[in-house]
There are 2 protein chains.
Amino acid sequence: MTCLAGRVDGYEVRIVGRVSSPLTDLSAAPRQGDEGGPEADLVFDPAVAEALRELAPGSEVELLTWLHKADRTTLVVHPRGDADRPEQGVFTTRSPDRPNPIGLHRVAVVSVDGTTVHVSGLEAVDGTPILDVKPALEPVADR
Amino acid sequence: MTCLAGRVDGYEVRIVGRVSSPLTDLSAAPRQGDEGGPEADLVFDPAVAEALRELAPGSEVELLTWLHKADRTTLVVHPRGDADRPEQGVFTTRSPDRPNPIGLHRVAVVSVDGTTVHVSGLEAVDGTPILDVKPALEPVADR
């Protein structure tokens, strides 16, 4: 495990895992998981194993990734890459190209094996860095 | 020495704006926007003005922030800070304390004035750095 002295308040992301997926080609990847993302493994760094405690199969989570192949200088895009549609600001689209290429993926946990979490419906390509996992929010009374 | 879980690969977030809010005290902040977050302004860097094009009042968005006061070394917490509840891994909670303290807030756009976006239901404190805005996903047919 890497120890980083004096960087506690740095605004640098830490890669806590990687996506392992049959998807390797960005151009073939569906644009959102509910349009056909395959099952995939989230392979976490053993250093964050404790953070996975009580993660249960069947739960819905928000997976945050760093879309490392994105263009961070892009501010406007044709939605869904369709040149026939007028350009929009990236903050009104889910384009991976944006100042901070953080992917937000709602996926279902299928199984947990140590620090490997199997999920369904993930459109991120193989090797995508993982930043965070959060429970999908349920109504207040259930939290 | 503080030891941070996860590797650094040189991915640095870019602060594209700041939250301007009457909330200044973290301990008084509601834990989620739907538990009573006030209205707030998202004050964007003019350098990313183009990314806001077509952002419309009335739209629901996912706001991503960097929770700069969080403890990035925390891996387990008592949910909702309640010492009577058993500890859980932070990936099963919405605790701000986690390896990458990225806040995920679903808010409604009330109005847009240049690079200032007025939103409702935001629980982030004044000065919180903004990383990204994404449209909240509607059913596929509506996109």
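This is a walk through a predicted model of a complex, from its confidence scores to its barrels and its nonpolar core.

Let us begin with how far the predictor trusts its own work. For the complex as a whole it gives an ipTM of 0.87 and a pTM of 0.87. In chain A the pLDDT averages 86, and 81% of the residues score at least 70. Over residues 139-143 of chain A the pLDDT is below 50, and that stretch has three contacts in the model beyond near neighbours in sequence. Residues 1-9 of chain A also stay under 50, with 13 contacts beyond four places in sequence. Please read both of these stretches with care.

Now to the fold of chain A. Its inventory is quickly told: zero helices and nine strands. Read from the N terminus, the elements are β-β-β-β-β-β-β-β-β. Buried residues account for 39% of the 143 residues in this chain. The contacts reach far along the sequence: among those between residues at least 6 apart, 72% join residues at least 24 apart.

How are the strands of chain A arranged in the barrel? Six of them close up in the order β2-β3-β8-β7-β4-β9, with antiparallel pairing. From one strand to the next, the twist averages 45°.

A good place to step into this barrel is strand β4(A), residues 60-66. On one side, β4(A) pairs with β7(A), residues 102-113, in the antiparallel sense over seven bridges. To find the register, look for E60(A), whose bridge partner in β7(A) is A108(A). β4(A) also pairs with β9(A), again antiparallel, this time over five bridges. Here L64(A) stands opposite D132(A).

Moving on to β9(A), you will find a strand that is mostly covered: it spans residues 129-135, and six of its seven residues are buried. Besides β4(A), its partners include strand β2(A), residues 17-20, which pairs with β9(A) in the antiparallel sense over two bridges. In that pairing R18(A) stands opposite P129(A).

One more spot in chain A deserves a stop before we cross over. T115(A) sits in the loop between β7 and β8, the latter covering residues 116-120. Is T115(A) buried or exposed? The answer lies in between: T115(A) has 17 other C-beta atoms within 10 Å, so it counts as partly exposed, given that a residue is called buried at 20 or more and exposed at 12 or fewer. Beyond its neighbours within four places in sequence, T115(A) is in contact with F44(A), P46(A), A49(A) and L52(A). The pair T115(A) and L52(A) is 63 residues apart in sequence, with their C-alpha atoms 7.5 Å apart in space.

Chain B can be followed along a similar route. Six of its strands close into a barrel in the order β2-β3-β8-β7-β4-β9, and the pairing is antiparallel. Neighbouring strands of this sheet are turned by 45° against each other on average, direction ignored.

Start once more from β4(B), residues 60-66. Five bridges join β4(B) to β9(B), residues 129-135, and the two strands run antiparallel. L63(B) has V133(B) as its bridge partner there. Seven bridges link β4(B) to β7(B), residues 102-113, also antiparallel, with E60(B) opposite A108(B).

From β7(B) the path leads on to β8(B), residues 116-120, through five antiparallel bridges. V112(B) and V117(B) stand opposite each other in this pairing. The two strands form a hairpin with two residues between them, and G114(B) in the turn has a positive phi of about 65°.

Finally, let us look at the nonpolar core. In soluble globular proteins, nonpolar side chains tend to be buried together. The largest nonpolar core of this model has 58 residues, and it includes residues of both chains. Which residues have the most contacts inside it? They are I102(A), I130(A), L131(A), I102(B) and L131(B).

L131(B) is a helpful one to centre on your screen. Leaving aside its neighbours within four places in sequence, L131(B) is in contact with N100(A) and I102(A) from chain A. Within its own chain, the contacts of L131(B) are V13(B), V16(B), L64(B), T65(B), W66(B) and I102(B). L131(B) belongs to the residue range of β9(B), and L64(B) to that of β4(B), so the tour ends back at strands you have already met.

How values were computed. Residues numbered from 1 in each chain as written. Chains lettered and ligands numbered in written order. Predicted model: local features only at pLDDT ≥ 70, side-chain atom pairs only at ≥ 80, totals over all residues. Core = buried A, V, L, I, M, F, W, Y, C linked by C-beta atoms within 7 Å. Contact = placed C-beta atoms within 7 Å. Pairing = 2+ DSSP bridges. Helix = DSSP H or I, 4+ residues; strand = E, 2+ residues; numbered from the N terminus. Axes fitted to C-alpha atoms, helices over the stretch in contact; angles between N-to-C directions. pLDDT = per-residue confidence, 0-100.
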